[in-house]
Amino acid sequence: MGCGTSIATETQGKSMETAMKAAVLIQRWYRRYIARLEMRRRYTWNIFQSIEYAGEQDQLQLSSFFSFMLDNFTQLNGNGPDLISQLLDPLVDPWLDRETCYNQIHVPESYTGPRLSFPLSVSDTSALLSAFKEQQTLHARYALQLLYETKKLLKQMPNIIHLSTSYIKDITICGDLHGRLDDLLLIFYKNGLPSADTPYVFNGDFVDRGKKSMEVVILLFAYLLLYPDSMHLNRGNHEDHIMNLRYGFTKEVMQKYKTHGHEMLKLFQDIFSLLPVATVIDGKILIVHGGISDQTDLDFLSSIERHKVKSALRFPRHSVGQLDIGQSCRQAKRTRSTDASRPSSSRSQSKNQGTPSLRSDSTPHTLQVPFLDSLSSVPAPSPAQHEREWKQIVDILWSDPKTQEGCSPNTFRGGGCYFGPDVTQRLLLRHGLQLLIRSHECKQEGYELCHGGQVITIFSASNYYEEGSNRGAYVKLGRELVPRFYQYQVSRSTRKLTLTQRVRAAEGSALRALKEKLFAHRCELMAGFLQCDRNNTGSVSVSEWAQVLESVLRLDLPWRTLRPHLTRLAPDGSVDYPSCFEDMGPGNPLPQVAPNLAETLFRYRTDIEIIFNIIDKDHSGLISAEEFRHTWRLFSAHLGVDINDRAIDDLARSIDFNKDGSIDFTEFLEAFRVVHKLDSKDQHLSGKMDGEKC
């Protein structure tokens with residue numbers, strides 16, 4: 001009997017040991033599994049952010065090109081700046097000067113949307129909410145009147161709004177929305193509609209990127225008119241008509257309001273420039289969209305004429321007499337910025353040629369004027385008041401915090417500054433503040449604290465890069481001024497997906513965007529690979545492959561980790577570099593164009609589309625062949641691309657399909673959209689691989 005008990009105990013002990021070993025193995029597997037997912041999630045995030053900020057650099061370079069041409073086009077070419085001035089200095093339509101112009105717009109009886117009456121009432125804002133939930137569009141007559149009323153109200157507001165928590169329970173601060181109506185509606189659902197008891201501060205970037213920017217700003221402006229003491233709107237870097245050309249708001253307005261779109265865009269330009277640039281709560285909490293610099297002066301900022309800065313991307317104008325450009329341009333050396341570091345990179349201290357500011361050269365009496373990929377040294381004019389005002393606003397709208405001490409040019413975005421914890425502390429002490437709340441950067445959890453808790457970043461657009469990529473958040477402050485964070489995520493499909501599926505979806509989208517970047521720089525990359533591949537074997541080492549990508553694309557990414565997703569290995573372990581481009585191709589059959597011209601079209605497709613849209617006043621998608629030639633001569637001259645007039649003329653003739661002298665540039669540009677040939681195949685394979693792993 002005792003022997004039987006001994007055997008049973010021994011068997012039980014072995015079973016327990018086996019179970020413990022199994023548990024340890026499962027735990028190790030799970031930790032490796034989560035670690036791999038986290039690695040994929042992090043490099044996916046890095047890809048999205050690097051490409052986003054590279055796009056902003058491109059926009060700033062294009063804007064500096066516009067500004068340079070507007071100031072100096074007559075001297076350089078002997079022609080008037082008609083093309084560029086349409087964008088940067090649009091003429092005021094006399095019809096728009098009449099306050100009652102909207103009354104002349106007929107509203108048909110068939111219109112079933114909201115019919116607003118002014119001053120607005122709660123029933124009007126409720127009608128707007130219901131209409132937008134049902135995908136209805138507000139009639140142009142009411143949209144224009146709402147914009148006029150908003151403009152009149154904003155004219156009366158100071159540059160910096162001062163709020164108090166003495167008579168309210170909480171103030172809610174929201175970050176970037178970027179045209180995400182669903183996020184705005186979810187905030188209102190969770191936190192309550194704006195009212196005297198539920199005040200809000202929306203911290204800029206209401207528009208662009210998302211498809212419902214018009215609906216978002218109409219709702220925000222409507223509540224601003226209804227509760228001017230409880231609804232507060234700060235300006236963001238996307239409340240800018242030049243940014244709107246690239247990132248979608250201009251196109252959205254013209255599509256939704258074909259007849260009166262131009263009038264609305266001109267009103268938006270005025271309204272955006274009239275938005276306050278900062279909010280202060282109880283004299284202790286400073287709220288700005290981007291950040292600060294070591295030159296930020298809140299007293300000076302409160303005294304400037306903010307409406308004069310229509311665009312932070314529009315550099316202060318200098319007369320041709322002040323800037324001797326003619327000779328400088330001919331002697332300018334075309335150089336490239338080699339710094340594309342992220343804010344956390346140690347290279348953030350280096351100079352950047354895309355920064356939208358006039359920087360001193362080694363000589364105190366010269367300036368480096370940036371335009372696209374070139375720099376021109378010009379004599380420096382004497383400092384002007386409007387330059388200082390412009391610089392203050394640029395820093396407020398574009399800057400980002402960094403972990404290192406000091407203040408340096410924001411090389412990653414190409415605009416504003418990086419400001420360190422010492423800069424934050426000095427500004428807070430100087431003005432008796434205790435906290436800086438800003439937005440401007442997407443965060444995976446919707447918010448982030450830095451600089452020892454003295455800086456809070458709040459971002460309210462969930463799923464910003466891809467479905468499931470990030471949460472949105474808002475922050476509430478009561479009388480004790482202790483921030484309380486609330487997170488959310490708009491979701492129609494992600495709740496049904498596993499963690500692996502969500503990571504895979506975001507990863508796939510990021511890799512497609514990165515492959516498009518590779519394809520757009522194909523000639524440069526191939527030239528770099530061939531320099532390493534002296535024997536023309538079609539392969540280079542992994543180290544050489546990563547070095548070429550880093551030097552050409554200027555994206556600070558973990559290329560060795562990403563290598564299996566971008567290219568194949570040869571049998572000897574080297575990289576088969578032609579395979580980087582084999583699963584991508586043009587959207588449509590390419591016109592007969594020279595290789596260097598095709599490369600330029602792929603790379604600068606968005607910039608060219610912006611210029612075409614400026615020329616195409618009625619947004620018909622058609623421009624004349626002569627306008628097409630004029631655009632290309634203007635653009636290629638500053639790209640430094642060796643394209644002769646005959647090549648441009650041949651291209652214009654080849655895409656004038658019906659030979660009527662007009663060019664359908666939408667169809668033309670579609671040929672230069674990168675298409676991923678193996679998308680469906682890749683998705684099938686990745687799904688199969690994930691199934692095997694699970």
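## Helix packing, sheets and unusual backbone sites in a predicted model

The buried residues of helix 9 are covered by elements that include helix 7, helix 8 (241–247) and helix 10 (261–274). Contact here means heavy atoms within 4.5 Å. The residues of helix 9 (residues 249–256) that are buried are Phe249, Thr250, Glu252, Val253 and Met254. Buried stands for under 20% relative accessible area, exposed for over 50%, and partly exposed for what lies in between (1.4 Å probe, protein chains only).

This is a predicted model, in which local features need pLDDT of at least 70 and side-chain atom pairs count only at pLDDT 80 or more, while totals for chains, interfaces and linings use all residues. Residues are numbered from 1 along each chain as its sequence is written, and side-chain values use heavy atoms, with hydrogens and water left out. Helices (H or I, at least four residues) and strands (E, at least two) are DSSP runs, numbered from the N terminus.

### Helix 5 and helix 7

Helix 7 (residues 213–226) also packs with helix 5 (residues 140–155): their axes come within 10 Å and cross at roughly 55°. That angle makes helix 5 oblique to helix 7. Angles under 35 degrees count as roughly parallel, over 145 as roughly antiparallel, 65 to 115 as roughly perpendicular, and the rest as oblique. The axes are lines fitted to C-alpha atoms, for helices over the stretch in contact, and angles run from 0 to 180 degrees between N-to-C directions.

The crossing of the two helices is left-handed, meaning that the near helix is turned anticlockwise from the far one by less than a right angle. Helix 5 contributes Leu146, Leu147, Glu149, Thr150, Leu153 and Leu154 to the contact, and helix 7 contributes Ile218, Phe221, Ala222, Leu224 and Leu225. By class, nine of these residues are nonpolar, one is polar and one is charged.

### Two open sheets

One open sheet has six strands in the order 1-5-6-13-15-14, with mixed pairing. Strand 1 (160–163) and strand 14 (447–450) each have a single partner strand, so one side of each is left without a neighbour in the sheet. From one strand to the next, the twist averages 20°. Two strands pair if DSSP finds at least two bridges between them.

The other open sheet has three strands in the order 10-12-11, and its pairing is also mixed. Its edges are strand 10 (400–401) and strand 11 (407–409), each of which pairs on one side only.

An antiparallel pair from each sheet is set out below.

| Strand pair | Bridges | A bridge partner or opposite residue |
|---|---|---|
| Strand 5 (residues 278–281) and strand 6 (residues 285–287) | three | Ile281 with Ile285 |
| Strand 11 (407–409) and strand 12 (residues 417–419) | three | Ser408 opposite Tyr418 |

### Backbone sites in loops

A cis peptide bond, with omega about 0°, joins Phe118 and Pro119. Pro119 belongs to the loop between helix 3 (94–97) and helix 4 (122–133).

His178 has a positive phi, near 50°, although the residue is not glycine. The loop that holds His178 runs between strand 2 (171–174) and helix 6 (181–191), and His178 is buried, with a relative accessible area of 2%.

Asp208, likewise a residue other than glycine, has a positive phi near 80°. Asp208 sits in the loop between strand 3 (200–202) and helix 7. With a relative accessible area of 0%, Asp208 is buried.

Key. Nonpolar A, V, L, I, M, F, W, Y, C, P; charged D, E, K, R; others polar.
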